[in-house]
Amino acid sequence: MRPSFILFIFVLLSAVAFGQVSDFISVKKRNNITVRSFFPGTYISCKLVFGEEISGLVHEIKNDSVFIREFDIQAIPNPWGTYTIDTLGSHVVAFHYRDIATVVLKKRDSFSYVKNGTLLMIGGIGYAALNVINGKYLKESITGPENRKSLGTALGVAGAGLLLNRLYARSKRFDTKYHIVYTCMTCPKLKPF
């Protein structure tokens, strides 16, 4: 019993001693709170400063470089006359971690068409256009007191939607809210003096 327990402890300690961690990158807020970390085996979707969009599994992170394995997925016709989604191949893309402009953090944004003012702009401009078309059809004055009040309200709603759209677009900018930090776990430790 005792020798098997010692052997178990020895195997456990040797497994821990030979375990090697990998470098990783983190997306952090301005106040240095980590939002998400990416290490080998995790899925990442990002846009580079060159405008290229890359998504796939992180293959490796070392020497300030990120290696992402992208998969070529296409619809292929099958014998039954329909299409089957299949992976045709994969390739590894490498780039410096500072070349990442934005990272998709996969936060679902429910009712974004209401929050970004699109619904208000469509509603306001649509009501104003309908008011003008009905005025022309019924041969009423567009500059009459009732029509001016309705047109002013409709254009005010469209203006509020435009204002919301600009504020929403500013809040969605990645560069002002987040920054990317590279953490080197394989770098040699500096010896203290």
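**Notes on the strands, core and surface of this model**

1. Starting at one strand pair: Lys62 has Ser65 as its bridge partner in β5. Strands here are DSSP E runs of at least two residues, helices are H or I runs of at least four, and both are numbered from the N terminus. β4 and β5 pair in the antiparallel sense over five bridges, where pairing requires that DSSP finds at least two bridges between two strands. Two residues lie between the strands in this hairpin, and Asn63 has a positive phi near 50°.

2. Some housekeeping before going on. This is a predicted model, with local features needing pLDDT of at least 70 and side-chain atom pairs counting only at pLDDT 80 or more, while totals for chains, interfaces and linings use all residues. Residues are numbered from 1 along each chain as its sequence is written, and side-chain values use heavy atoms, with hydrogens and water left out.

3. The overall layout: the protein has five helices and eight strands, in the order α-β-β-β-β-β-β-β-α-α-α-α-β along the sequence. Of the contacts (heavy atoms within 4.5 Å) with a separation of 6 or more, 52% are between residues 24 or more positions apart.

4. Back to Lys62, which also takes part in a salt bridge with Glu60, the closest N and O atoms being 3.7 Å apart. The criterion is a side-chain nitrogen of Lys or Arg within 4 Å of a carboxyl oxygen of Asp or Glu, and the structure holds one such bridge. Glu60 counts as partly exposed because its relative accessibility is 29%, and Lys62 falls in that class at 37%. For the classes, buried is under 20% relative accessible area, exposed is over 50% and partly exposed is in between (1.4 Å probe, protein chains only).

5. β3 and β4 run antiparallel too, joined by five bridges, and Tyr43 has Leu57 as its bridge partner in β4. Their hairpin has four residues between the strands, with Gly51 at a positive phi near 100°.

6. That Tyr43 and Leu57 turn up again on the surface: together with Phe71, Ile73 and Ile85 they make a nonpolar patch of about 500 Å². Patch members need over 30% relative accessible area and no salt bridge; like charges are joined within 9 Å, and nonpolar side chains (Val, Leu, Ile, Met, Phe, Trp, Tyr) within 5 Å. Phe71 sits in β5 (residues 65-77) and is partly exposed, as its relative accessible area is 39%.

7. What does Gly89 touch beyond residues up to four places away in sequence? Glu70, Phe71 and Asp72. Gly89 belongs to β6 and is partly exposed, since its relative accessibility is 28%. Its C-alpha atom is 9.8 Å from that of Gln74, 15 residues apart along the chain.

8. Now the inside. The largest nonpolar core (buried Ala, Val, Leu, Ile, Met, Phe, Trp, Tyr and Cys joined through side-chain atoms within 4.5 Å) has 20 residues, and Ile25, Phe95, Ile100 and Val103 touch the most other members. Strands supplying at least two residues each include β1 (24-29), β6 (83-96), β7 (100-103) and β8 (178-183). Outside its neighbours within four places in sequence, Ile100 contacts Ile25, Cys46, Lys47, Leu48, Phe95 and Ile180.

9. Finally, the totals: 22% of the 193 residues are buried. The accessible surface is about 14400 Å², 63% of it from carbon and sulfur atoms. Areas come from Shrake-Rupley with a 1.4 Å probe, and for residues only the protein chains shown count as cover.
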